[in-house]
Amino acid sequence: MDCVFCKIVEGEIPTDKIYEDEDIIAFNDLDPQAPIHFLVIPKKHITSLATLDESDSDLVAKIMLVIQKLAKENNLEGYRVVTNIGEDGGQSVPHLHFHVLGGRAFHWPPG
């Protein structure tokens, strides 16, 4: 598979890993858009939220709890969690991933 995130999961591409367990990996973003900006991804290849099925529900819930844990570890009282879906939604890597951004104030709408 030619998925950059799958290659990170397999250890073929080094990354600044901040968390890993049997299902999930989290790492700092290479192009941070906030003082704290990391990605949380499932090790299982899932293209996006649009392709989830019911068998993925426990995994997605676990990802949300990992995001909560990492936000606490980074002393984030407020933060933004973003997932882009499809090209029109700004998804550049076709592997489900959640951006966690913090360390500054955010505005709405994001643009």
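**Fold and nonpolar cores of the predicted model**

Among contacts in the protein between residues at least 6 apart in sequence, 55% join residues at least 24 apart. The structure is a predicted model, and its secondary structure consists of 2 helices and 5 strands, arranged from the N terminus in the order α-β-β-β-α-β-β.

With regard to overall dimensions, the C-alpha atoms occupy a box of roughly 35 × 30 × 25 Å along the principal axes. The radius of gyration of 14 Å agrees with a compact globule, because a chain of 111 residues in that form would be expected to have a value near 13 Å. Of these 111 residues, 38% count as buried, while the accessible surface comes to about 6,800 Å², with carbon and sulfur atoms contributing 51% of that area. The protein carries 9 positive and 18 negative charges, and the mean positions of the two sets lie 5 Å apart.

The largest nonpolar core comprises 17 residues, within which Ile24, Val40, Ile63 and Leu70 have the most contacts. At least two residues of this core are supplied by each of strand 2 (24–28), strand 3 (36–42), helix 2 (57–73) and strand 5 (98–102), and the largest share, 6 residues, comes from helix 2. When residues up to four places away in sequence are not counted, Val40 touches Ile24, Ile25 and Ala26, together with Ile63, Val66, Ile67 and Leu70, as well as His97, Phe98 and Val100. A second core, separate from the one described above, has 10 residues, among them Cys3, Cys6, Val9 and Leu39.

How values were computed
Residues are numbered from 1 along each chain as its sequence is written. This is a predicted model: local features need pLDDT of at least 70, side-chain atom pairs count only at pLDDT 80 or more; totals for chains, interfaces and linings use all residues. Side-chain values use heavy atoms; hydrogens and water are left out. Helices (H or I, at least four residues) and strands (E, at least two) are DSSP runs, numbered from the N terminus. The radius of gyration is taken over C-alpha atoms; the globule rule is 2.2 Å times the number of residues to the power 0.38. Buried means under 20% relative accessible area, exposed over 50%, partly exposed in between (1.4 Å probe, protein chains only). Contact means heavy atoms within 4.5 Å. Accessible areas come from the Shrake-Rupley method with a 1.4 Å probe; for residues, only the protein chains shown count as cover. Lys and Arg count as positive and Asp and Glu as negative; His and the chain ends are not counted. The place of a charge is taken as NZ of Lys, CZ of Arg, CG of Asp or CD of Glu. A nonpolar core is a set of buried Ala, Val, Leu, Ile, Met, Phe, Trp, Tyr and Cys residues joined through side-chain atoms within 4.5 Å.
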